[in-house]
Amino acid sequence: MIDAAGLRVMKAIADEGSFTGAAAALGYTQPAISQMVRRLEQRTGTVLIDRVGRQVRLTEAGQVLARHAGGVLAALDAAEEEVAAIAGLRAGRVRIMSFPSATATIVPPALAALHRQHPDLTVTFSENEPPEAIAALREGECDLVVGFSYESGSTPTDETDLDLLVTTPLLVDEVRLALPVDHPLAPHETVSMADLATEAWVAGCPRCRVHMVGLAADSGFVPNLAFETEDYVAQLGLVGAGLGVALIPDLMLRRAVNPHTAIRDITPWSRRHIVAVTTPDLQKVPAVQATIDALKTSACEFKQS
């Protein structure tokens, strides 16, 4: 009912004491001031100005509007400045969730670059696997998710509920087989899943576990899940101790090394697609888009390193 322009006019009339003075102060014509006052009186349903000859006096209702105008306009100006700062990346916040192996590799350089380029942005980070992280994004608990989905030579990319979300590809991550260094199959450059039917397996996160079981099923066997841990360093430790075999993505093999393991290609082949996920509206927020750009650069540099 009451707009900012009308409040500015009422405050200017109160300050200047006339339509002419208000027009000069605001850069309007006097007829424009008169028209804005009439429109505001129509919207409020009451008289705001008492016109006596060439002089004008504010009625009681006009005085109320003029009295509140200063605080309201100051608040609007402050809000506009804050929004402008966010739009110009001089302020703002972005909340990120990422899965562990991306947290250890591509995320830190991206956040460091973001801090250098936009030091006034506030970035908060938490770690979660894709299903839970995507749910958090939908619930408004974060702004951006670094997630992954699996693909193999014999099974399609695993299903992830990304309906109505926006994904940005970051990296294609090959999955390798980790064997004890003295394993009979270690001399081979490529190992078939079918040849591992009798092995004890070290399983990872729930999604990784489902994918591994699917690969085994495609190769005709049900794997013996002897150990389960989401810690890739622990997985390699168990493999290096001769307790089993595991599937490890390249993303972690670039950071976690165990001299007692042999890393080999596997058939059917397997890979993960690493992506940044957000909502269509959040993608338009400058801080979120800047973070996605930093992640893309970090992923590209990681592939080239």
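**Figure 1. Contacts of threonine 44 in the predicted model.** Leaving out residues up to four places away in sequence, threonine 44 touches Met1 and Ile2. Threonine 44 belongs to helix α3, which covers residues 30-44. Its relative accessibility is 23%, so threonine 44 counts as partly exposed; the buried class requires a value under 20%. Alanine 61 is 17 residues from threonine 44 along the chain, and the C-alpha atoms of the two are separated by 9.2 Å.

**Figure 2. The largest nonpolar core.** This core holds 54 residues. Leu170, Leu177, Leu196 and Trp201 are the members that touch the most other members. Helix α12 (residues 286-304) contributes the largest share of the core, 8 residues. A second core of 20 residues is separate from it and includes Ala12, Ala23, Met36 and Ala69. In soluble globular proteins, nonpolar side chains tend to be buried together.

**Figure 3. Surroundings of leucine 196.** With neighbours within four places in sequence set aside, leucine 196 is in contact with seven residues named here: Leu177, Leu179, Leu185, Val191, Trp201, Phe221 and Ile266. Among them, Leu177 and Trp201 are listed together with Leu196 as the residues of the largest nonpolar core that touch the most other members.

**Figure 4. The cis peptide bond between threonine 267 and proline 268.** Omega for this bond is about -5°. Proline 268 is located in the loop that runs between strands β11 (261-267) and β12 (270-278). As background, most peptide bonds are trans.

**Figure 5. The whole chain, for placing the close-up views.** The chain contains 12 helices and 12 strands. Its radius of gyration is 31 Å, whereas the globule rule gives 19 Å for 305 residues; the chain is therefore more spread out than a compact globule. The C-alpha trace spans about 105 × 35 × 25 Å along its principal axes. Of contacts between residues at least 6 apart in sequence, 72% join residues at least 24 apart.

**Figure 6. Surface and charges of the chain.** Buried residues account for 43% of the 305 residues. The exposed area of the chain is about 15300 Å², of which carbon and sulfur atoms supply 53%. There are 25 positive and 37 negative charges, and the mean positions of the two sets lie 12 Å apart.

Note on methods: Residues numbered from 1 in each chain as written. Predicted model: local features only at pLDDT ≥ 70, side-chain atom pairs only at ≥ 80, totals over all residues. Heavy atoms only, no water. Core = buried A, V, L, I, M, F, W, Y, C linked by side-chain atoms within 4.5 Å. Buried < 20%, exposed > 50% of the residue type's maximum accessible area, 1.4 Å probe, protein only. Helix = DSSP H or I, 4+ residues; strand = E, 2+ residues; numbered from the N terminus. Contact = heavy atoms within 4.5 Å. Rg over C-alpha atoms; globule rule 2.2 N^0.38 Å. Areas by Shrake-Rupley, 256 points an atom, 1.4 Å probe, with all protein chains shown as cover. Lys, Arg positive; Asp, Glu negative; His and termini not counted. Charge placed at Lys NZ, Arg CZ, Asp CG, Glu CD.
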